[in-house]
Amino acid sequence: TDKAGSPLIIGGPNAGTPKPITPATRKNTEAALLCYKAKSAKLFITQVSGSCGEESTGGPPGPLNQDPHTKRDAVFTSNQFGDDRVDTVKESELCVPATVTLPAP
């Protein structure tokens, strides 16, 4: 994949300097991800018969006792932007494996 644009470092002592990008090579060209925007649920909605989840009679939404995001320190990444160490702040995406079928040329 070719790089697009000329990204700059936006913070810290190197702010404003170009960030070199090495073009990425896909190791598995058959692999794909489908990503959804994610955020913590505020209410628990009971599932009704015929929908996903356990069968129930439905009912009004109720409070959800969901744990907040668990911060993770020192998550290591390696991609076309180089090797990096990041800390998680909150959930933003849920990505799952996907199958992509391209139309014939």
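These legends walk through close-up views of a predicted model.

**View 1. The disulfide between Cys35 and Cys95.**
Start here if you like cysteines: the structure holds one disulfide. Its partners are Cys35 and Cys95, with 2.0 Å from S to S. The pair brings together distant parts of the chain, as Cys35 sits in strand β1 and Cys95 in strand β6, 60 residues apart. Look along the S-S bond and you will find a right-handed link, with 110 degrees about that bond.

**View 2. How open the two cysteines are to the surroundings.**
Are Cys35 and Cys95 buried, exposed or partly exposed? Cys35 has a relative accessibility of 35% and so counts as partly exposed. Cys95 is partly exposed too, with a relative accessible area of 33%. Both values fall between the 20% limit for buried and the 50% limit for exposed.

**View 3. A positive surface patch of lysines.**
Four side chains to pick out here are Lys37, Lys39, Lys42 and Lys90, which form the patch. Lys42 lies in the loop that runs between β1 (33–37) and β2 (43–44). Because its relative accessible area is 68%, over the 50% cut-off, Lys42 counts as exposed.

**View 4. A nonpolar surface patch around Leu34, Tyr36 and Leu94.**
Here Leu34, Tyr36 and Leu94 make a nonpolar patch of about 300 Å² on the surface. Leu94 belongs to strand β6, which covers residues 93–97. Strand β6 also carries Cys95, the disulfide partner from the opening view.

Methods: Residues are numbered from 1 along each chain as its sequence is written. This is a predicted model: local features need pLDDT of at least 70, side-chain atom pairs count only at pLDDT 80 or more; totals for chains, interfaces and linings use all residues. Side-chain values use heavy atoms; hydrogens and water are left out. Patches are made of residues with over 30% relative accessible area and no salt bridge: like charges are joined within 9 Å, nonpolar side chains (Val, Leu, Ile, Met, Phe, Trp, Tyr) within 5 Å. Accessible areas come from the Shrake-Rupley method with a 1.4 Å probe; for residues, only the protein chains shown count as cover. Lys and Arg count as positive and Asp and Glu as negative; His and the chain ends are not counted. The place of a charge is taken as NZ of Lys, CZ of Arg, CG of Asp or CD of Glu. Helices (H or I, at least four residues) and strands (E, at least two) are DSSP runs, numbered from the N terminus. Buried means under 20% relative accessible area, exposed over 50%, partly exposed in between (1.4 Å probe, protein chains only). A disulfide is a pair of cysteine sulfur atoms within 2.5 Å.
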